Amino acid sequence: MPRHAGLTLGVASLVGTTVGCLVLWKLINRRRQQQYTGVDQKNSCTGLTPEVQDLGDSVRKPSERKRSLLSVEKILRAEVRIASTAEEWETAWPLLQRDLDVYPVLGVDCEWVSLEGRIKPISLLQMASHSGLCILVRLPRLAGCSLPKTLVALLADCSVLKVGVGCWDDASKLMNDYGLSLKGVVDIRYLAMRHRRDIFQNSLSLKYLSETILSYPLDKSFQLRCSNWDADEFTQDQVFYAARDAQVSIALFLQLLGFFSSDPPTAWEFFLGKCQGLIDVPFKGKSVVNGDVNIILKQKKESPIEQSSPNSQGDPRRHKKKPLGVGYSVRKSPLYDNCFLHAPDGQPLCTCDRKKAQWYLDKGIGDLISNDPFVVRLRFEPSGRPESSVDYYLTVKENLCVVCGKRESYIRKNIVPHEYRRHFPVQMKDHNSHDVLLLCTSCHAVSNYYDNNLKQQLAIEFSAPIGCEEGVRILEDPVRRQVRSAARALLNASKLPESRREELLSEMRTFYSTDEVTEETLNEAANLETRIFNETYTPHGLKVVQCFAMGGLKSLMELEKRWRQHFLDKMAPKFLPQQWSVDHNHSKLIKKYGEDLPIQLG
């Protein structure tokens with residue numbers, strides 16, 4: 001073929017391909033517009049207001065767009081503070097709290113370092129308020145002893161929204177790295193798909209959203225993203241980059257919900273309503289059709305399986321134990337019914353729940369004296385009576401969080417964790433409802449964080465490690481695993497080099513102490529169990545209790561007292577039931593059993 005003919009053919013092919021691509025692009029755009037029209041018609045049928053449907057268009061009006069740009073610019077120019085110590089955090093906290101009192105929402109993001117393919121714990125937590133004030137929290141430096149209570153409580157407070165891209169994953173890593181519970185997370189990618197019809201689902205990065213919605217370019221260069229976030233001092237570029245991620249997140253949230261276009265400012269409840277169904281929901285973009293996240297919410301309601309928690313990833317060993325602050329069910333009924341049991345002579349014995357009081361009536365061993373309050377008088381002599389009229393078990397208790405006083409969404413809190421209490425002698429297990437209190441979900445998460453700190457301290461004091469080989473019941477034997485692999489290779493690999501085959505056979509002979517490896521031996525080794533029982537295994541809780549039990553009954557009481565005092569010191573409860581005490585029942589036990597009681601652990 002002549003040279004000029006080949007060149008002409010090549011040019012023609014290129015032009016044809018280009019024209020074909022343009023035609024295809026127009027067809028795709030036309031189909032997408034038809035889908036958007038169908039979705040809008042669907043929304044009009046389901047009752048969505050025009051205000052929500054047209055949020056994307058409203059920001060394009062010249063006057064509102066100008067105001068939005070100015071508002072975003074104000075956020076991005078706000079003050080940035082770094083908190084590397086508890087003192088620096090406590091200085092910055094009042095400023096952040098002032099903004100949260102107006103609009104309880106934070107833009108959040110996290111940074112960490114990957115070293116040789118190994119992901120290290122989170123190095124930096126960024127939080128920005130609606131005014132743009134940004135706090136950069138250097139967690140490794142603050143977590144030396146324990147994080148400030150105000151910070152832990154803020155993260156666990158589900159009434160304060162934490163918005164960003166991938167914030168559910170950040171919550172997972174915070175729990176795995178520091179035992180911190182991050183509640184109230186909203187992925188702004190859901191908001192973008194719900195309120196903006198011009199957003200492409202396959203391009204929902206923070207950089208894309210910032211450029212598309214805010215008209216603000218974000219620097220996501222590799223040098224900044226993968227810089228050393230564990231450095232002694234941050235560069236100005238690092239501070240700027242970290243703050244921008246959190247500030248852009250909060251700006252996107254406010255823009256998407258029409259905050260900048262409302263004049264005067266709308267009440268927070270209005271914006272909170274637009275996030276309905278999106279709080280603490282992991283992002284699953286592939287499940288969304290045409291930006292309609294209601295499909296996900298419907299699937300969530302219909303599914304009988306509970307949503308996976310943000311702490312379900314990571315080390316498989318973590319699944320053996322309930323993660324701190326996760327998976328606890330909120331009580332659906334009051335804990336305290338404040339019913340009374342009386343002795344045959346009318347002396348009050350204790351308060352109890354309605355079910356227990358009704359049991360005495362159903363069995364015919366009690367008589368109903370009063371309905372309000374519900375009082376049952378026993379027909380038999382009880383095994384014991386209270387020593388005074390101010391006994392703890394005679395006090396009426398309120399169904400509220402003993403820390404903050406919140407009256408809804410509360411959870412039972414074991415002041416002495418069950419992993420210790422279960423090993424106490426039976427004498428110390430009786431009447432332990434004193435150490436079961438009510439906490440709201442946020443206070444419960446904060447308390448669990450500080451409990452973990454004390455557990456780590458006990459682990460060091462008594463050589464009772466948590467989560468290492470000495471604390472694992474079943475171990476993987478590397479020798480048995482290698483023998484099993486060798487047997488499977490010998491059975492299935494027909495073209496093994498002779499030298500390699502002899503090497504594997506040598507391993508088999510050594511393991512089975514034999515000179516001949518038969519087919520039967522290979523089949524047995526191919527199915528060899530590689531998990532073995534760890535003979536050194538002692539649960540952390542049992543080992544700690546054993547150490548205290550060596551000192552007798554009074555020593556065990558000190559462990560109980562230590563946990564009670566820890567709760568008072570860390571949580572500062574304001575609504576404890578009357579007569580609650582760190583020394584509860586101790587004098588009675590000494591009087592009844594004596595200090596020399598032989599200790600038999602449970």
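## Starting at Ser 68

Helices here are DSSP runs of H or I with at least four residues, numbered from the N terminus. By that rule, Ser 68 belongs to helix H4, which spans residues 62-76. Please keep in mind that this is a predicted model.

Is Ser 68 buried or exposed? Its relative accessibility is 2%, so Ser 68 counts as buried, the cut-off for that label being under 20%. Leaving aside residues up to four places away in sequence, Ser 68 touches Gln 255 and Phe 260. Phe 260 lies 192 residues from Ser 68 along the chain, yet the C-alpha atoms of the two are separated by 5.4 Å.

## Helices H10 and H12

Gln 255, one of the residues touched by Ser 68, also takes part in a contact between two helices. These are H10 (residues 206-214) and H12 (residues 236-256), which pack at an angle of about 45 degrees with their axes 10 Å apart. H10 is therefore oblique to H12, and their crossing is left-handed.

On the H10 side, the contact is made by Leu 206, Leu 209, Ser 210, Ile 213 and Leu 214. H12 brings Asp 245, Val 248, Ser 249, Ala 251, Leu 252, Gln 255 and Leu 256. Sorted by type, the residues of this contact comprise 8 nonpolar, 3 polar and 1 charged.

## The open sheet

Now for the strands. Six of them form an open sheet in the order S1-S4-S3-S2-S5-S6, and the pairing is mixed. Which strands stand at the edges? They are S1 (80-83) and S6 (185-187); each has a single partner strand, so one side of each is left without a neighbour in the sheet. On average, neighbouring strands are turned by 30 degrees against each other, direction ignored.

Strand S5 (residues 161-164) is a good place to follow the pairing. With S2 (residues 105-115), S5 pairs in the parallel sense over 3 bridges, and Val 105 stands opposite Leu 161 in S5. S5 and S6 also run parallel, joined by 3 bridges; here Val 163 has Val 186 of S6 as its bridge partner. In a regular strand, side chains alternate between the two faces of the sheet. In S5 both faces are covered: Leu 161 and Val 163 are buried on one side, and Lys 162 and Gly 164 are buried on the other.

## Helices packed on the sheet

Helix H5 (residues 86-100) packs on the sheet and touches S1, S2, S3 (118-128) and S4 (134-137). The direction of H5 makes about 135 degrees with that of S1.

Helix H9 (residues 188-195) packs on the sheet too, touching S5 and S6, and its direction makes about 50 degrees with that of S6. How many residues of H9 are buried? The count is 8 of the 8, so H9 is largely enclosed by the rest of the structure. Those buried residues are Ile 188, Arg 189, Tyr 190, Leu 191, Ala 192, Met 193, Arg 194 and His 195, a list that includes two arginines, Arg 189 and Arg 194.

## Ser 442 in helix H17

One more serine deserves a look. Ser 442 sits in helix H17, residues 441-461. Its relative accessible area is 11%, so Ser 442 is buried. Which residues does Ser 442 touch, not counting those up to four places away in sequence? They are Ala 156, Asp 157 and Cys 158.

Methods. Residues are numbered from 1 along each chain as its sequence is written. This is a predicted model: local features need pLDDT of at least 70, side-chain atom pairs count only at pLDDT 80 or more; totals for chains, interfaces and linings use all residues. Side-chain values use heavy atoms; hydrogens and water are left out. Two strands pair if DSSP finds at least two bridges between them. Axes are lines fitted to C-alpha atoms, for helices over the stretch in contact, and angles run from 0 to 180 degrees between N-to-C directions. Contact means heavy atoms within 4.5 Å. Buried means under 20% relative accessible area, exposed over 50%, partly exposed in between (1.4 Å probe, protein chains only). Angles under 35 degrees count as roughly parallel, over 145 as roughly antiparallel, 65 to 115 as roughly perpendicular and the rest as oblique. A crossing is left-handed if the near helix is turned anticlockwise from the far one by less than a right angle, and right-handed if clockwise. Ala, Val, Leu, Ile, Met, Phe, Trp, Tyr, Cys and Pro count as nonpolar, Asp, Glu, Lys and Arg as charged, and the others, Gly among them, as polar.
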